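Me: I would like to learn how to read the features of a protein–DNA model. Please take me through one, giving the general idea before each case.

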Amino acid sequence: AHRTSSQEEKKEDGVKWTQLEHRGPYFVPLYEPLPDDVQFYYDGKPLKLSLAAEEVATFYAKMLDHEYTTKEIFQNNFFNDWRKEMTSKEQKIITDLDKCDFREIHKYFVDKSEARKALSKEEKQKLKEEADKIQEEYGYCMLDGHREKIGNFKTEPPGLFRGRGDHPKMGMLKKRIMPEDVIINCSKDSKIPEPPEGHKWKEVRFDNTVTWLASWTENIQNTLKYIMLNPSSKLKGEKDWQKYEVARRLKDVVHKIRAQYRADWMSKEMKKRQRAVALYFIDKLALRAGNEKEEGETADTVGCCSLRVEHIKLHPKLDGQEHVVEFDFLGKDSIRYYNKVSVEKPVFKNLQLFMKNKDPADDLFDRLNTSILNRHLQNLMDGLSAKVFRTYNASITLQEQLKALTNSEDSVAGKLLSYNRANRAVAILCNHQRSTPKTFEKSMQNLQTKIDAKKQQVEEAQQELKKAEDEFEDTKDAKAEANVEKKKKLLKRLEEQLAKLNVQAMDKEENKQIALGTSKLNYLDPRITIAWCKKFGVPIEKIYNKTQREKFAWAIDMADEDFEF
DNA sequence: CAGATAACTTAGCATAAGGAAA
DNA sequence: TTTCCTTATGCTAAGTTATCTG
């Protein structure tokens, strides 16, 4: 039972808190100059750099063994920004990146990180305590009478920007955040955080209609960054709950909406047809909305509304299927979406129409954008937007798959495999991929070795059982009979262990390039999982680790085994 | 209504931590 | 105890959406 203090009674619309107190961001340590014996070389000769130029040089030096330092865009962006940090004398000398030798600096940092790993237990313990102290001091805030964990309480350190995929800004200098860049948000009557000695905040404001504690503008894309609460906080938890409640409301009207967009496929208005086909993709394939992006500012990625003609191919017939659309484009984080889908005939016909007389680089839905689409969705249901379809389809798929795959007779290990498979179906739907882990082959091999060894043991146990049975046949004495029972038990245990290992191997293989975490954390209503755990006697800890249990505390409190999404 | 912006969620990867094996 | 491997956590980029502005 929760006590409700006066501070957290229902707030006015848009008001997120009544009291907020915190220490402000923790600023990452200032740059420490290199020791004198670690040198930078230009054109083969040692060159002592100014402090600012040296700091930026170390950013590059640290990345030397990454592939992206070999890319021309990265090098050019870096060199441009680096030169801005140089003294005019340095600018005159250092004109060619190819003549720069950072290897000694690189080695210095490699050695340093080795040395850190090799620290004694006591020294590591001491470092841990220092980190814990910072966490304790800066990592929490008071919000409406509750002590809440902050998500990211440290400023981001300076360095070289690494975008994902083919990013035009890769290698640019990401500048150090100073207190003078930071806006503090807290309550008026709280203890206002002190800026570091000798510094001032950019601004202190008291805005209770937003949830962030501090913000600054980042210099690469000129966008805002925020310090916000951890997912375990009440504020975030309630928002998460709301999100799933909106998705559940979609469940009630989705049939109507589907009927509507099917009808709109035949509309006289091109705009409506495009909207209806896009919505079909969003619903059926769980595509993202797809905002327009400024060219040259980001990697070239698309979502549904921003698809271009070049991203799809139409096949009237393919592999025995009709009306096949072949999708091939880069989505969020430059993750490739590749899929061949048989679509309903009117969709196919419409796509042919949308593509007529267009160049490959033209927009497929030239009369549509996310704001038109979302305005339409908002009219269909309060709170509905494109992303709700992803949440809805992900959660409903989990529920259906769990129903279809779980066998109550199975062992816990078997049930977990079913759960992972249901989770995997969702991850595939949402196209949540990962690169094959570097250690994948090796760890698969290790597992195979274990399986082989277990098989051997099973065989031996079978032979021993046979022997024991033969002996009992001969002697018919009680001792021999007991021995048979013993061997049977042993064999059974070993067979179970073998089965478990096989299940593990299967799960691992199927999961090679699929990331389950994102859907688990962001798309699957946790109450579905909790209900399933309760129904089939699977401990919740087998599915959710500590952090996840904290994030989903609201659901663990709430859901019983009868919960239906 | 287009375009910009603020606020917030979602995303994969790198690294740290922790637990098992040697 | 040390080493090895897996899992958890931290990090911050990259999306979505509502709202504001002219």
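Reply: Let us begin with polar contacts to the DNA backbone. This is a predicted model, and a polar contact is a pair of N or O atoms within 3.5 Å. In the case of Lys442, a polar atom of the side chain is 3.2 Å from a phosphate oxygen of DNA strand C.

Me: Which polar side-chain atom lies 2.8 Å from a phosphate oxygen of DNA strand C?

Reply: That atom belongs to Asn374. Thr301 also takes part, with a side-chain N or O atom 2.9 Å from a phosphate oxygen of DNA strand C.

Me: How should I read the surface near DNA strand C as a whole, and how many residues surround the strand?

Reply: A residue is counted as near a strand if one of its heavy atoms lies within 4 Å of it. For DNA strand C there are 29 such residues, and the closest are Arg164, Lys225, Gly290, Lys387 and Thr547. By class, this surface has 4 nonpolar, 13 polar and 12 charged residues. On the DNA side, 89% of the strand C atoms within 4 Å of the protein belong to sugar or phosphate, and the rest to bases.

Me: Which helix gives the most to the surface near DNA strand C?

Reply: H12 does, with 3 residues. Helix H10 (386-405) and helix H12 (440-475) each supply at least two residues of that surface.

Me: May we apply the same reading to DNA strand B, and which residues come nearest to that strand?

Reply: Among the 27 residues around DNA strand B, the nearest are Lys236, Lys243, Lys332, Arg390 and Tyr523. Tyr523 places a polar side-chain atom 2.9 Å from a phosphate oxygen of the strand. For Ser435 the corresponding distance is 3.2 Å, and for an N or O atom in the side chain of His432 it is 3.1 Å. The elements that contribute two or more residues to this surface are strand E12 (224-227), helix H6 (234-264), H10 and helix H14 (517-522). H6 provides the largest share, 3 residues.

Me: What are the classes of the residues near DNA strand B, and what part of its atoms within 4 Å of the protein belongs to sugar or phosphate?

Reply: The surface near DNA strand B has 7 nonpolar, 7 polar and 13 charged residues. Sugar or phosphate accounts for 87% of the strand B atoms within 4 Å of the protein, and bases for the rest.

Me: Turning to helices, how does one read burial along helix H4, and which of its residues are buried?

Reply: One asks where the buried residues point around the helix axis. Helix H4 (residues 103-117) has 15 residues and spans 21 Å from its first C-alpha to its last, close to the 21 Å expected at 1.5 Å a residue. Its buried residues are Ile105, His106 and Phe109. Viewed down the axis of H4, these fall within an arc of 105°, so they line one face of the helix.

Me: Why does Lys169 count as buried?

Reply: The cut-off for burial is under 20% relative accessible area. Lys169 counts as buried because its relative accessibility is 10%. Lys169 lies in the loop between strand E7 (159-160) and strand E8 (173-174). A polar atom of the Lys169 side chain is 3.0 Å from the backbone oxygen of Ile220.

Me: Is Ile530, in helix H15 (residues 526-536), buried or exposed?

Reply: Ile530 is buried, with a relative accessibility of 0%.

Methods: Residues are numbered from 1 along each chain as its sequence is written. Chains are lettered from A and ligands numbered from 1 in the order in which they are written. This is a predicted model: local features need pLDDT of at least 70, side-chain atom pairs count only at pLDDT 80 or more; totals for chains, interfaces and linings use all residues. Side-chain values use heavy atoms; hydrogens and water are left out. A polar contact is a pair of N or O atoms within 3.5 Å; within protein, one must be able to donate a hydrogen and the other to accept it, and residues adjacent in sequence count only if both atoms are side-chain atoms. Helices (H or I, at least four residues) and strands (E, at least two) are DSSP runs, numbered from the N terminus. Ala, Val, Leu, Ile, Met, Phe, Trp, Tyr, Cys and Pro count as nonpolar, Asp, Glu, Lys and Arg as charged, and the others, Gly among them, as polar. The expected span of a helix is 1.5 Å times one less than its number of residues. Buried means under 20% relative accessible area, exposed over 50%, partly exposed in between (1.4 Å probe, protein chains only). The arc is that of the directions from the helix axis to the C-beta atoms.
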